[in-house]
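Dear colleague,

Please find below the structure that I am handing over to you, together with its sequence. My findings are set out after it.

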Amino acid sequence: MTNVKTKLSESSNSADNEVGVSVGAVNSTIRAEDQQLIERYLDAVWMERGLSDSTLSSYAQDLKLFARWSGERVDSLLKVDDIRLREYLGYRLEVQKSSARSTARFLSCCRGFYAYFLREGKIAEDPTALIESPKQGRPLPKSLTESDVESLLAAPDVEDPIGLRDRTMLEVLYACGLRVSELVGLKLGDVNLRQGVVRVMGKGSKERLVPMGDEAAQWLVRYVKEARPQLMKREQTSDVVFPSSRGQQMTRQTFWHRIKHWAQVAGIRKEISPHTLRHAFATHLINHGADLRVVQLLLGHSDLSTTQIYTHVAIERMKSLHSEHHPRA
């Protein structure tokens, strides 16, 4: 399937960079048999679970790295046993210095890979069956204060078409709590200015409607009228809301660089990414009394436990305020 093969190809360069940590530790190429196994598995999970392009790309990269490492040790990915798998997990943690989170993601992908071929009758035992995922802490999501957000939103030069586009993207991102992939993928038909809502296609192809508020709507109206026609002069047929300077759909990586740039302009001395504004959206809602289940719906979380981490952020905020203002704190 072209989609999956594209993801495998896109992950090649980044995989080359990561495995370069230990010279001679892995093969420089992947066996054709292993390549076919990876493609077959990704095709299956794409059809069964409707995974996003970014998730498929991550799975492809993880499996390619594993295939390269195992190429010097076993004849096929299907011949990896639990001993070899534990060895690779140790290699990731100790040599590549991978985080527990990324290692847990790889192991989750690996479980799916071997479970699939176990069902298909290609292997007799699942090498992941007795392996536990590495323990992860539950770090609080990095967020911004409300004044930080105001400074960030005010950073772009709105007299410039690209500056106006970026200001509008930041406004919509913060007002709606979107994922970056949802933001750059917005189409004109997804925005209903009359009702003030945005239709979003989230993870697992789940659709949701998110209100955007008057402020973001006003910036969107101005942007569509003044800046978008100038950005679209090379490509009149695209219906993407926020095109790149070439009139094409912007990549997630491009917007990541844009938001980093505007954070520097705003003088924000914190690590920031598009996801930071999504965290700020949720945190600020809860700090102002929003119901957790409403925030869950707005964020598009399928499980309430994913949203509950923001209650910890709110508790930390309350502790800080209590310590600062209570006479006997």
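The paragraphs that follow describe the fold as a whole, then two helices, the aromatic rings, the cysteines and several individual residues.

Please note that this is a predicted model. The protein is built from 15 helices and three strands. Of its 329 residues, 45% count as buried. Among the contacts with a separation of 6 or more, 63% are made by residues 24 or more positions apart. The accessible surface amounts to about 17,500 Å², and carbon and sulfur atoms contribute 49% of that surface.

Two helices may be taken together. Helix H2 covers residues 32–49, and its end C-alpha atoms are 26 Å apart, in agreement with the 26 Å that its 18 residues should span at 1.5 Å a residue. The buried residues of H2 include Asp34, Glu39 and Asp43 as well as Leu37, Ile38, Tyr41 and Leu42. Gly50 follows H2 and has a positive phi, near 60°. Helix H3, residues 53–70, also has 18 residues; the distance from its first C-alpha to its last is 26 Å, close to the expected 26 Å. In H3, 14 of the 18 residues are buried, so this helix is largely enclosed by the rest of the structure.

One charged group deserves mention alongside the rings. The charged end of Arg73 sits over the ring of Trp69, at 4.1 Å from the ring centre.

How many aromatic pairs does a search of the whole structure find? The search gives 13. One of them joins Tyr116 and Phe117 in an edge-to-face arrangement, with 4.9 Å from centre to centre and 75° between the planes. Tyr116 and Phe117 are both buried. A further pair is formed by Tyr223 and Phe242, whose ring centres are 5.3 Å apart; their planes meet at 35°, so the pair is tilted. Tyr223 belongs to helix H9 (residues 213–226), while Phe242 lies in the loop between helix H10 (228–231) and helix H11 (252–265), so the pair ties together parts that are 19 residues apart in sequence. Both of these residues, Tyr223 and Phe242, are buried. Ring pairs also link Tyr41, Phe113, Tyr114, Tyr116 and Phe117 into a cluster. Tyr41 of this cluster is one of the buried residues of H2.

Helix H7, residues 161–176, contains Arg167, and Thr168 is found in H7 as well. Are these two residues buried or exposed? Arg167 is buried, with a relative accessible area of 13%, and Thr168 is buried at 0%. Leaving aside residues up to four places away in sequence, Arg167 touches Leu153, Ala154, Pro156, Val158 and Trp219. Thr168, with neighbours within four places likewise left aside, is in contact with Trp219, Leu220, Tyr223 and Phe242. Trp219 thus appears among the contacts of both Arg167 and Thr168. The contacts of Thr168 also include Tyr223 and Phe242, the two residues of the tilted ring pair described above.

As to the cysteines, the count of disulfides comes to zero. Why is there no bond between Cys109 and Cys110? The closest cysteine sulfur to that of Cys109 is in Cys110, at 6.7 Å, which is too far for a bond; a disulfide would require the two sulfur atoms to lie within 2.5 Å. Seen from Cys110, the closest cysteine sulfur is that of Cys109. Cys109 is buried at 0% relative accessibility, and Cys110 is likewise buried at 0%.

Two loop residues complete the account. His301 is placed in the loop between helix H13 (292–299) and helix H14 (304–307), and it is buried, with a relative accessible area of 15%. The C-alpha atoms of His301 and Gly202 are separated by 9.2 Å, although the two residues are 99 residues apart along the chain. Ala266 lies in the loop between H11 and helix H12 (274–287). With 26% relative accessibility, Ala266 counts as partly exposed. Ala266 and Pro156 are 110 residues apart in sequence, and their C-alpha atoms are 8.9 Å apart in space. Not counting residues up to four places away in sequence, Ala266 touches Ser151, Leu152 and Ala155. Pro156 is also one of the residues that Arg167 touches.

Yours sincerely

Notes: Residues are numbered from 1 along each chain as its sequence is written. This is a predicted model: local features need pLDDT of at least 70, side-chain atom pairs count only at pLDDT 80 or more; totals for chains, interfaces and linings use all residues. Side-chain values use heavy atoms; hydrogens and water are left out. Helices (H or I, at least four residues) and strands (E, at least two) are DSSP runs, numbered from the N terminus. The expected span of a helix is 1.5 Å times one less than its number of residues. Buried means under 20% relative accessible area, exposed over 50%, partly exposed in between (1.4 Å probe, protein chains only). Contact means heavy atoms within 4.5 Å. Accessible areas come from the Shrake-Rupley method with a 1.4 Å probe; for residues, only the protein chains shown count as cover. Rings of Phe, Tyr and Trp (its six-membered ring) pair if their centres lie within 6.5 Å; planes under 30 degrees apart count as stacked, over 60 as edge-to-face and the rest as tilted. A charge sits over a ring if NZ of Lys or CZ of Arg is within 6 Å of the ring centre and within 35 degrees of the ring normal.
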